[in-house]
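Student: Got a minute? I'd like to walk through this model with you.
Tutor: Sure, let's look at it together.

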Amino acid sequence: MLYPTPIAKLIESYSKLPGIGIKTATRLAFYTIGMEEDVVNEFAKNLLAAKRDLAYCQICGNLAEEETCAICQDQTRDVSTILVVEDSRDVSAMENIQEYHGLYHVLHGLISPMNGVGPDDINLKSLLTRLMENEVTEVIIATNATADGEATSMYISRVLKPAGIKVTRLARGLAVGSDIEYADEVTLLRAIENRTEL
Ligand SMILES: [Zn+2]
């Protein structure tokens with residue numbers, strides 16, 4: 001079906017989002033043109049601002065509105081512990097349970113031997129630099145319980161152990177293949193309390 005260019009382009013944009021097929025994209029595009037103009041303006045503004053005003057923290061890789069994120073700037077955090085996660089959504093999930101008070105390191109991906117993703121392809125080097133420059137006594141690995149999560153966890157512990165840093169992994173309360181991001185608070189709380197040394 002041929003649509004006028006503006007809506008065809010909008011459909012094309014929506015279809016670039018993950019999990020959105022052409023049918024859903026078309027439905028969203030038609031919904032959008034039926035929306036109030038100020039709502040659409042607000043939507044477009046938020047879209048641009050999210051891209052323009054956010055960057056990754058230069059220390060930990062978490063989403064930040066300045067050069068460093070709010071957690072790295074917080075003087076009350078326990079700087080002796082770094083919790084390593086795949087992305088900023090995991091930071092948010094951990095922060096929600098209000099049980100962890102250390103720092104984070106966001107990898108922006110996982111080592112994936114199957115997909116040719118190696119240690120240099122993720123935000124890992126800067127973790128090693130942080131460990132050399134700061135007095136960190138424990139690194140908690142909180143990657144998801146997937147094959148890639150395991151590969152990443154194993155690699156990090158292999159690199160850090162000779163340096164005398166305690167490396168722990170979230171307990172297995174999390175089901176295999178499950179996402180930390182979606183784990184309920186009780187499960188996450190138990191996983192961090194019962195973390196095991198690697
Ligand atoms: Zn940070």
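Student: Where does Asp-74 lie?
Tutor: This is a predicted model, to start with. Asp-74 sits in the loop that runs between helix H4 (70–73) and E3.

Student: Is Asp-74 buried or exposed?
Tutor: Exposed. Asp-74 has 10 other C-beta atoms within 10 Å, and a residue counts as exposed at 12 or fewer.

Student: How far is Asp-74 from Leu-103 in sequence and in space?
Tutor: They are 29 residues apart along the sequence. In space, C-alpha to C-alpha, the distance is 9.5 Å.

Student: Now the sheet. What is the strand order?
Tutor: E4-E3-E5-E6-E7. The sheet is open, has 5 strands and shows mixed pairing.

Student: Which strands are at the edges?
Tutor: Strand E4 (102–106) and strand E7 (196–197). Each of these pairs on one side only.

Student: In which sense do E3 and E4 pair, parallel or antiparallel?
Tutor: Parallel, over 5 bridges, with E3 covering residues 78–85. Take Asp-78: its bridge partner in E4 is Gly-102.

Student: Which helix packs on that sheet?
Tutor: Helix H7, residues 147–160. H7 touches E3, strand E5 (138–141) and strand E6 (166–169). The direction of H7 makes about 165° with that of E6.

Student: Switching topic. How is the protein divided into domains?
Tutor: Domain 1 is 5–52 and domain 2 is 69–197. Their centres, taken over C-alpha atoms, are 34 Å apart.

Student: What about helix H3: how many of its residues are buried?
Tutor: The number is 0 out of 16, so H3 lies largely in the open.

Student: And what span should H3 have?
Tutor: H3 covers residues 37–52. At 1.5 Å a residue, its 16 residues should span 22 Å, counting one less than the number of residues. The end C-alpha atoms are 22 Å apart, which agrees.

Student: What does UniProt list for residues 57–72?
Tutor: An unreviewed UniProt entry lists them as "zinc finger region: C4-type". In the model, the end C-alpha atoms of that span lie 8 Å apart. The span is 19% helix and 12% strand.

Student: Overall numbers, then. How many helices and strands does the protein have?
Tutor: 8 helices and 7 strands. The C-alpha trace spans about 65 × 35 × 35 Å along its principal axes.

Student: And what percentage of the residues is buried?
Tutor: 24% of the 198 residues. As for contacts with a separation of 6 or more, 54% join residues 24 or more positions apart.

Technical notes:
Residues are numbered from 1 along each chain as its sequence is written. This is a predicted model: local features need pLDDT of at least 70, side-chain atom pairs count only at pLDDT 80 or more; totals for chains, interfaces and linings use all residues. Domain bounds come from an automatic or database domain assignment. Helices (H or I, at least four residues) and strands (E, at least two) are DSSP runs, numbered from the N terminus. A residue is buried if 20 or more other C-beta atoms lie within 10 Å of its own, exposed if 12 or fewer, and partly exposed in between; C-beta atoms are placed from the backbone. UniProt positions are given in the numbering used here, feature names are shortened, and annotations may be inferred rather than shown by experiment. Two strands pair if DSSP finds at least two bridges between them. Two residues are in contact if their C-beta atoms, placed from the backbone, lie within 7 Å. Axes are lines fitted to C-alpha atoms, for helices over the stretch in contact, and angles run from 0 to 180 degrees between N-to-C directions.
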